[in-house]
Amino acid sequence: MTDVEDSSPSARAQQWGSSLGFVLAASGSAIGLGNLWGLPYRLAQGGGMAFLVLYLVAVVLLGFPLLLAELVLGCHTGRSPVLATRAVGGPSWQLLGWLFPLSSTLILGYYAVMTGWVGRALIEALRGHLPTDQGKGAPFFLHLSQGWPEAGAYMVVLVFTAFVVATGVQQGIERLSRWSMPALLVLLIGLLLWSPSLPEALPRYREVLFHWQWSDLLDPGILRQAFGQAFFSLGLGSGAMVAYASHVQNRDPLPQQAAAITVLDTTVGLMAVFITVPLMGTIALGQEGNFGALSNFFVSLPLGFASLGHGGVVLAVAFFLLAGIAAVTSAVALLEVPVSVLVDSLGWGRGATAWGTGAVAAILGLPALLSTDLLMASHDLFGGVVLIGSGLLLSLLMGWVAPEQVMGNLPQCPRPLLQGVLLALRWLIPLVLGGVLLLSSMDLLRMNLALRL
Ligand code: PHE
């Protein structure tokens with residue numbers, strides 16, 4: 001079923017400078033607002049420990065095997081997501097391939113809106129204009145998320161993202177990741193060391209993290225959030241890892257690389273939880289104002305930082321800088337998916353394609369720019385249900401249609417691990433994701449109906 005061998009000059013024409021360069025870039029794709037905003041808000045919205053347990057189970061049992069399968073798919077075909085799925089599955093699987101650039105571009109639209117808000121929050125922190133009391137919290141978010149300055153920040157994010165992708169895999173994406181990932185980790189560790197010293201830290205950890213109820217493990221809302229979080233955070237089902245892996249040299253140790261990316265991404269998410277939970281006031285557990293999930297990040301955190309006086313302003317600058325860096329490297333990965341597909345499938349030039357696709361993403365993101373409700377709906381749909389659905393199809397492709405790709409292309413991988421990965425791809429991932437997808441659709445439908453009634 002494979003026509004991998006006879007492939008013409010491929011995505012591998014562009015290569016990562018080194019194995020570390022690839023791991024940094026792929027971690028840059030994974031680590032983003034999903035870790036810094038998504039994980040803490042989903043935790044605070046309910047579920048606490050049960051959510052964390054489900055999230056970690058999803059990462060280890062489903063996320064890691066699927067990530068490894070995506071790396072194998074990209075690396076051993078040397079092709080962008082559409083041609084890679086076609087190469088291993090035949091023409092009928094090409095449809096799945098096209099889902100990748102479509103969903104990535106749609107995600108990039110709303111993701112760039114949020115990245116713009118982060119940039120504006122950073123500027124406000126630098127100017128010392130953080131909200132100092134509860135009454136100023138909601139207007140602060142409205143100030144970030146409305147008007148021409150918001151549209152300007154959105155455009156700056158997309159222009160920078162397109163510039164990096166247009167500059168190339170090694171010169172653009174890898175070069176950005178090489179300085180931004182270490183900077184991000186330094187900022188994160190600094191903030192982590194400081195956070196337990198906050199006055200209310202321990203009670204807040206206890207309140208948000210350590211409440212446990214067995215029934216939560218079967219709560220459809222919590223299940224959907226936990227699995228959605230694992231997928232979004234690792235960027236699975238979006239084609240980003242396939243696209244990045246297509247530039248990897250065949251000798252690279254993919255299992256170790258997949259493990260490093262998974263561990264880094266999950267650790268950063270957990271660190272973000274420890275940093276942000278003490279700063280969230282009790283009233284702001286995702287319900288404050290009309291902004292729901294967004295209030296945690298753009299209302300509670302600025303209020304929390306401002307309450308710490310001058311030192312808080314410095315910490316706010318560090319935090320929003322860190323979030324901005326993380327968001328931009330993820331936006332770059334999201335744009336690389338459609339660009340790699342168009343360059344590889346149609347032979348278009350990288351530069352013009354990056355700018356053109358960036359412009360398309362700018363148009364697709366307009367609804368999210370104009371309405372925070374539409375932004376959250378896009379996140380639930382494209383960043384949740386669609387990614388999970390594509391992940392499910394991908395596991396069927398790699399587990400049933402082309403298992404020899406996984407079995408034959410990982411010679412360094414210990415046999416039991418290989419068999420575990422195959423078992424996950426064939427049975428565990430399709431069954432669990434099928435169930436979660438069903439629950440998610442019912443949950444989303446129920447929420448929409450409840451909103452209408
Ligand atoms: N993983 C990124 C985050 O957590 C988002 C992302 C999704 C990036 C899909 C690439 C592909 O913010």
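This is a conversation about reading cavities, pockets, buried residues and ligand contacts in a predicted model.

Visitor: Before we look around, what should I know about the model and its numbering?

Guide: Residues are numbered from 1 along each chain as its sequence is written, and side-chain values use heavy atoms, with hydrogens and water left out. Since the model is predicted, local features need pLDDT of at least 70 and side-chain atom pairs count only at pLDDT 80 or more, while totals for chains, interfaces and linings use all residues.

Visitor: Let's start with empty space. How many cavities of 30 Å³ or more does a search of the whole structure find?

Guide: First, the general idea. On a 1 Å grid over the protein atoms alone, a cavity is a set of points where a 1.4 Å probe fits but cannot get out; a pocket is an open set with protein on both sides within 12 Å along at least five of seven lines. Lining residues have an atom within 4 Å of a point. Grid points are joined across faces, edges and corners, and a volume is the space filled by probe spheres set on the points. Here the search gives 3 cavities of 30 Å³ or more, and the largest holds about 150 Å³.

Visitor: Which residues lie nearest the centre of the largest cavity?

Guide: They are S29, F232, G235, S330 and L334, from a lining of 17 residues. Helices help us find our way: they are DSSP runs of H or I with at least four residues (strands are runs of E with at least two), numbered from the N terminus. At least two lining residues each come from α1, α2 (33–44), α5, α10 (220–234) and α14.

Visitor: And how is that lining described by class?

Guide: Ala, Val, Leu, Ile, Met, Phe, Trp, Tyr, Cys and Pro count as nonpolar, Asp, Glu, Lys and Arg as charged, and the others, Gly among them, as polar. The largest cavity is lined by 9 nonpolar and 8 polar residues, with no charged ones.

Visitor: What lines the second largest cavity?

Guide: Its lining is made of R42, R224, Q225, G228, D380, G384, V385, I388 and S440. Two or more of these come from each of α10 and α17 (372–401), and α17 gives the most, with 4 residues. The volume is about 70 Å³, and by class the lining has 2 nonpolar, 4 polar and 3 charged residues.

Visitor: Now an open space. What is the volume of the second largest pocket?

Guide: That pocket has a volume of about 390 Å³. Of its 21 lining residues, G119, L122, V157, G324 and V328 are the closest to its centre. The helices α5 (94–126), α7 (147–167), α8 (169–194) and α14 (310–346) supply at least two lining residues each, and the largest share, 7 residues, is from α5. By class there are 13 nonpolar, 7 polar and 1 charged residues.

Visitor: S29 came up earlier. Is S29 buried or exposed?

Guide: Buried means under 20% relative accessible area, exposed means over 50%, and partly exposed is in between (1.4 Å probe, protein chains only). S29 counts as buried because its relative accessibility is 9%. This residue lies in helix α1 (residues 19–30). Contact means heavy atoms within 4.5 Å; beyond neighbours within four places in sequence, S29 is in contact with A240, M241, Y244, T329, S330 and A333.

Visitor: Which residues are closest to the ligand?

Guide: A residue is near a molecule if one of its heavy atoms lies within 4 Å of it. The ligand is surrounded by 14 residues, with A30, G34, Y111, F232 and S233 the closest. A polar contact is a pair of N or O atoms within 3.5 Å. A backbone N or O atom of S29 is 3.2 Å from a ligand nitrogen, a polar backbone atom of A30 is 2.8 Å from a ligand nitrogen, and a polar backbone atom of G34 is 2.8 Å from a ligand oxygen.

Visitor: Can we practise on other buried residues?

Guide: Try S104, in helix α5. At 0% relative accessibility, S104 is buried, and it touches S238, L334, V337 and P338, leaving out residues up to four places away in sequence. L191, in helix α8, is buried at 2%. Setting aside residues up to four places away in sequence, L191 touches I275, L315, A318, F319 and L322.

Methods: A polar contact is a pair of N or O atoms within 3.5 Å; within protein, one must be able to donate a hydrogen and the other to accept it, and residues adjacent in sequence count only if both atoms are side-chain atoms.
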